[in-house]
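I sat down with this one to see where the charges pair up and what sits inside. My notes follow in the order I looked things up.

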Amino acid sequence: MALIRAMNAAISGLRAQQTKIDSIGNNLANVGTTGYKSSSVDFATLLSQTVGFGSAPSGNLGGTDPTQIGLGTQVSSTRLNFGQGNFVATGLNTDLSIDGDGFFILKDGSGQEIYTRDGSFGLNAANLLIDPSTGFKVQGLMADLTTFTITPSGSLTDVTIPVGSLTIAQAT
């Protein structure tokens, strides 16, 4: 019986380590991917068997902890790292970056919202800010060009960059 228990614990450990190696391989494969940070795997005890009970403190002595034997491990979570990276100037006026937490919101052809941290954008023929690799439109809160204000509770719209139009600048 002990041999089967030992083999099951070893197999669960190998499976958990396989997930960890997959995570490391994914991190290495995405080293050059814009906006990708990293992921890490956390482990937890799958089962444990109590072979000795603990005792409460008595007199001048502290208590004792229960004795347990682990019967395996499992992956408890895979955490994604969204920490702030370094800003890199690209020389393109349409490339954007996010300082801190958050995502750019893009809208695909069917109206589905897509979230990304990749700010490599461009302009299409209609002066809409888009992701040039997919054609998805960047969404945002547009400013009212007469009052130069943004309504935070407003609805998201396609971000339009009015290239070539004249607007009187006004201090905000």
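**Entry 1, F82.** I'm working from a predicted model here. I started with F82, which has a relative accessible area of 39% and so counts as partly exposed. I found F82 in the loop between β4 (73-81) and β5 (104-107). I then asked which residues join F82 in a nonpolar surface patch. They are L80, F103 and Y115, and with F82 they make a patch of about 430 Å².

**Entry 2, salt bridges.** How many salt bridges are there? I get two.

I looked up R79 and D42, whose side chains meet in a salt bridge at 2.6 Å, N to O. This pair links distant parts of the chain, with R79 in strand β4 and D42 in strand β1 (residues 38-45), 37 residues apart. I checked how open each partner is. R79 has a relative accessible area of 47%, so I put it down as partly exposed. D42 comes out at 22%, and it is partly exposed because buried would need under 20%.

I went on to K137 and D158, which meet through their side chains in a salt bridge at 3.8 Å, N to O. Here too distant parts of the chain are linked: K137 is in strand β9 (residues 137-140), D158 is in strand β10 (residues 157-158), and they are 21 residues apart. K137 is partly exposed at 34% relative accessibility. D158 is partly exposed as well, at 25%.

**Entry 3, D131.** I wanted to know about an acid without a partner. D131 lies in the loop between β8 (129-130) and β9. Is D131 buried or exposed? I have it as buried, yet with no salt bridge. The nearest side chain of opposite charge is K137, 14 Å away. I also listed what D131 touches, leaving out residues up to four places away in sequence: L106, S120, F121 and F136.

**Entry 4, the core.** Two of those names, L106 and F121, sent me to the largest nonpolar core. What makes up this core? I count seven residues: I98, F104, L106, F121, L129, V138 and V159.

I stayed with L106 and looked up its contacts, leaving aside neighbours within four places in sequence. Core members F121 and V138 are on the list. D131 from the previous entry is there, and so is K137 from the salt-bridge entry. The rest of the list is Q112, E113, I114, T116, F136 and Q139.

Notes
Residues are numbered from 1 along each chain as its sequence is written. This is a predicted model: local features need pLDDT of at least 70, side-chain atom pairs count only at pLDDT 80 or more; totals for chains, interfaces and linings use all residues. Side-chain values use heavy atoms; hydrogens and water are left out. A nonpolar core is a set of buried Ala, Val, Leu, Ile, Met, Phe, Trp, Tyr and Cys residues joined through side-chain atoms within 4.5 Å. Buried means under 20% relative accessible area, exposed over 50%, partly exposed in between (1.4 Å probe, protein chains only). Contact means heavy atoms within 4.5 Å. Patches are made of residues with over 30% relative accessible area and no salt bridge: like charges are joined within 9 Å, nonpolar side chains (Val, Leu, Ile, Met, Phe, Trp, Tyr) within 5 Å. Accessible areas come from the Shrake-Rupley method with a 1.4 Å probe; for residues, only the protein chains shown count as cover. A salt bridge is a side-chain nitrogen of Lys or Arg within 4 Å of a carboxyl oxygen of Asp or Glu. Helices (H or I, at least four residues) and strands (E, at least two) are DSSP runs, numbered from the N terminus. Lys and Arg count as positive and Asp and Glu as negative; His and the chain ends are not counted.
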